[in-house]
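Biologist: Please take me through a close look at one part of this structure. I would like to know how it pairs with its neighbours and what it does around the ligand.

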Amino acid sequence: MKKMKFNELKNHYNEEVVLEGFVDKIRDLQYVQFVILRDRYGKVQVTLEKDGSMEELNKIVSSLTIESTVKVTGKLLENEKVKMGGMEVIPTQIEVTSESYHELPLNYKDMNSSGIDTRMDLRFLDLRNEKNQLMFQIQSTLQQGMREWLYEQDFTEIHTPKLIGAASESGSDVFEVQYFDTTAYLAQSPQFYKQMAMSSGFEKVFEVAPCFRAENSNTNRHATEFTSFDIECSYIDSFLDVMDLEEDLLIAGLSKVKEKWGDKIQEVFGKEVVVPTKPFPRIKLQDLYQELKNRYHYEIPTEDVGDMNAEAEKLTSRYAMEEYGHEFIFVTDFSAKKRAFYHMRKEGIPQGYDLIWRGCEITTGAQREHRYDVLVEQAKEKGLGKDVEFYLEFFRYGCPPHGGFALGVDRLTMLLLGTATIKETMFLFRGPNRITP
Ligand code: AMO
């Protein structure tokens, strides 16, 4: 007898089926018992008459508790009167495979009944919520779409170490860990190693992996550990090639999501999945400042000059929609002071960009400085010494011109589905005040 998922049942009326799932609801009435089972695909009703023909099973159901898991064998019947999919199962066997002993500490079916922190504490239950389950299926599809596209373009998926001997982005914001009798650090990004792959002649690589940031920021978009979708490729002519590549990658990911989940996202999250058109609008930072000033009377505060901040990002998206009817916009020509030392510069201007989507930065990308002497100077200028010595070696024996970018997967999901915080779109959130469960 075949074990079936609940979305396959429609083709098996009048057959014996085996179903496994959680007990979602029980109605124990005078003459009949109903048990609603739930698996990740849906719900199905199990119906038991109390006419003496199945007393043993009636007893099992009488002592059954909500959220236990069961294995039910029985006959699947079509029954128009049953609201739940017009079908029911008449059981011949019920086996309780795991008993839920206690009243649930979280009403996971109603997300508004608990605060976000309680939900995070009890995330294993919170994730039983249908909307949450859907969120991770969608995130998975998004990554599948992007991965498939990269494989088609002949990219190699790599895995770089997360335990490293020196800071990988900047000296600050790095977690130290004791490593035998020395100190190691958690990788802030795979930046140096994906560039190493270019020096090694890999030409096109990507990695989907955790990044660790010791930033004490409690915003809706920051986590201390997040998943980064990192890309690097060789023999580019300029950072414009990197931007073109990112456009195609996002179009591939969002097309896949729209095709599979577009209607469901609209229904459950009230968000339209818009597959963007190429090219995405592009604007230089100084021109953007001018637009924000003229249109919205916004002036970038002194400490952020040469860079963006959360408010500027929000207004930038508004500008992109009003001016171009586009959800995405690339911002280029940041100040060298505000950008990493490994960005190539032309006449002092970093050859890189940020990509803004729905009011939030989702990517930093750039052409990298691959000329050893120049790179050494730029590292020195940022006060980086010993920490980057191993990295600088990558550029001494020939290294193709190259560039790349990183997309935050959790942030992307947050913006795609319009959740209030990144905590909701992470399997388990990690922040300054949370490293459990
Ligand atoms: P950057 O630091 O801008 O660039 O990070 C790239 C993208 O990762 C996401 N991100 C975050 N998501 C959640 N919580 C955080 N604390 C967090 N920090 C960053 C964002 C961001 O745009 N090495 C470069 C990339 C490159 O040049 O290839 C880097 O790490 O979506």
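**A strand beside the ligand**

Modeller: Let's start with one pair of residues: Ile 356 has Glu 361 as its bridge partner in strand β17. Before we go on, please note that this is a predicted model, where local features need pLDDT of at least 70 and side-chain atom pairs count only at pLDDT 80 or more, while totals for chains, interfaces and linings use all residues. Residue numbers start from 1 along each chain as its sequence is written, and side-chain values rest on heavy atoms, without hydrogens or water.

Now to the strand itself. β17 covers residues 360-367; strands are DSSP runs of E with at least two residues, helices are runs of H or I with at least four, and both are numbered from the N terminus. Six of the eight residues in β17 are buried, meaning under 20% relative accessible area, with a 1.4 Å probe and protein chains only.

On one side, β17 runs antiparallel to strand β16 (residues 352-357), and six bridges join the two; strands count as paired if DSSP finds at least two bridges between them. Together, β16 and β17 make a hairpin with two residues between the strands. Look for Arg 358 in that turn: its phi is positive, at about 50°.

β17 also pairs with strand β18 (residues 402-408), again antiparallel, through five bridges. Here Thr 363 has Leu 407 of β18 as its bridge partner.

Next, the ligand. There are 22 residues around it, where near means having a heavy atom within 4 Å. Glu 361, the bridge partner of Ile 356, is among those that come nearest, together with Glu 169, Gln 191, Lys 194 and Thr 364. Thr 363, whose partner is Leu 407, takes part through its backbone: one of its backbone N or O atoms lies 3.1 Å from an oxygen atom of the ligand. That is inside the limit for a polar contact, a pair of N or O atoms within 3.5 Å. The elements that give two or more residues to the shell around the ligand are α5 (191-199), β17 and β18.

Two more distances complete the view. A polar backbone atom of Ala 223 is 2.9 Å from a nitrogen atom of the ligand. In the side chain of Tyr 342, an N or O atom is 3.2 Å from a ligand nitrogen.

Definitions and conventions:
Buried means under 20% relative accessible area, exposed over 50%, partly exposed in between (1.4 Å probe, protein chains only). A polar contact is a pair of N or O atoms within 3.5 Å; within protein, one must be able to donate a hydrogen and the other to accept it, and residues adjacent in sequence count only if both atoms are side-chain atoms.
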